[in-house]
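Me: Please take a close look at how the ligand is held here, and set that part in the context of the whole chain. I would welcome one connected account, with the criteria stated.

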Amino acid sequence: RPAPAVVTVTGAAGSIGYASVFRIAAGAMLGHDQPIALRLLELPQAVPAAVGTAMELDDGAFGLLKSVDVFDDPRKAFDGASFALLIGARPRSKGMERADLLAANSDIFAAQGAVLNDVAADDIRVIVVGNPANTNAAVAAAHAPEVPSQRFTALTRLDHNRAIAQLSHRAGVEVGEISRVTIWGNHSATQYPDIFHARVGGRSGADLAADRDWLVDDFIPTVARRGTAIIEARGTSSAASAANATIDHVHDWVLGTPADDWTSTALPSPGVYGVPEGIVCSFPVRSVDGQWEIVEGLEINDFSRERIDASVAELAAERDAALTS
Ligand code: NAI
């Protein structure tokens, strides 16, 4: 068996962290032949809870899990890490302005980016889940000049999976028969789930999109506002589905996307599809030899262009606010 992969999970005692680590230990993320060394990073006040999670991981007696360590020091937690799942973030507290939220998270992700630059393994791959995820990833990448910026990604796979689920219900086809869905832009209400290139069973996504009333008034807002709907239903935010998407993201990054399909990942734009360079934007991507490649050459119609541009404008404003704060 290969040497254990060092996987560092931040916010490990939180809801998404807790829903992630057991499946990681069971092999769902890196495959059933890859041993794992887990590092749990938490704020000092949540270290006891993370220690409790480590005890439960122990009690799972997972054959692949070679070690579990709990830290409150990022420098130790990221030392030699090949995977950094940056889930912990500063939540919006009552009365907090958006600018204050961006500034608080900018501080956290600037510091973590700098530490990753210094101590992580050469093959480090970063996925930011903590919100505002795209902008946090942009900030971390900006503070890690020695790490190729394409290794800093943000999670839009949950939105991608939500779009597939909604399409499956609409068209009455199995999720496995749906491919080539794309989430463009920000992991926020401005995100644009694009089905014009999708294949939905025997039908094309463009065929389904011809029903513009459904597309505009139902599909797009249902996907974009699903997080709010989950909070209203559960009284707490999506955790298991977010953990599942995080695991899907890393799984496909390392082990490849299915042939003839693609997925969605937010990563720094190389300046394609009219998205300014460096903006961490969600794109259609394939994973080839362990690296994301943006699917290029898709025709973008006016309907899509307008929505992509709106989300990218939001991202540019967020990034400027975060980097100057
Ligand atoms: P949670 O509040 O249950 O857990 C967050 C944990 O992070 C807490 O235990 C906290 O102590 C820890 N934490 C905070 N700052 C930290 C730091 N600097 N270093 C290490 N740990 C730190 O929150 P939950 O539900 O697990 O969500 C985590 C984040 O994921 C939130 O920002 C949420 O908005 C975001 N999210 C993103 C989604 C996406 O699709 N990109 C989907 C759902 C949630």
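Reply: Tyr273 is placed in the loop between strand E12 (263-268) and strand E13 (280-288) (helices, H or I, of at least four residues and strands, E, of at least two are DSSP runs numbered from the N terminus). Its phi is near 50°, a positive value in a residue other than glycine. This is a predicted model, in which local features need pLDDT of at least 70 and side-chain atom pairs count only at pLDDT 80 or more, while totals for chains, interfaces and linings use all residues. Residues are numbered from 1 along each chain as its sequence is written.

A second backbone feature leads to the ligand. The peptide bond that joins Asn131 to Pro132 is cis, its omega being near -5°, and Pro132 belongs to the loop between E5 and H5. Asn131 is also one of the residues that come nearest to the ligand, together with Gly11, Gly14, Ile16 and Gly88. In total, 28 residues surround the ligand (C-beta, placed from the backbone, within 6 Å of it). Helix H1 (residues 15-25) contributes the largest share of this shell, namely three residues. By class, the shell around the ligand consists of 15 nonpolar, eleven polar and two charged residues (Ala, Val, Leu, Ile, Met, Phe, Trp, Tyr, Cys and Pro are nonpolar; Asp, Glu, Lys and Arg charged; the others, Gly among them, polar).

Where does the ligand lie with respect to the domains? Domain 1 (5-154) and domain 2 (157-324) each give residues to the shell around the ligand, so the ligand lies between the two. These are the two domains that the domain assignment of the protein gives (bounds from an automatic or database assignment). Taken over C-alpha atoms, the centres of domain 1 and domain 2 are separated by 23 Å.

The boundary between the domains can be described in the same manner. Contacts across it involve 32 residues of domain 1 and 29 residues of domain 2 (C-beta atoms, placed from the backbone, within 7 Å). On the side of domain 1 that touches domain 2, at least two residues are supplied by each of H1, strand E4 (83-86), helix H4 (98-119), strand E5 (125-128), helix H5 (133-142) and strand E6 (152-154). Of these elements, H5 gives the most to that side, with eight residues. The same side of domain 1 comprises 21 nonpolar, nine polar and two charged residues. H1 thus has a part in both settings, as it supplies residues to the shell around the ligand and to the side of domain 1 that touches domain 2.

The wider frame is as follows. The protein has eleven helices and 14 strands, and its C-alpha trace spans about 50 × 45 × 40 Å along the principal axes.

How values were computed
Two residues are in contact if their C-beta atoms, placed from the backbone, lie within 7 Å.
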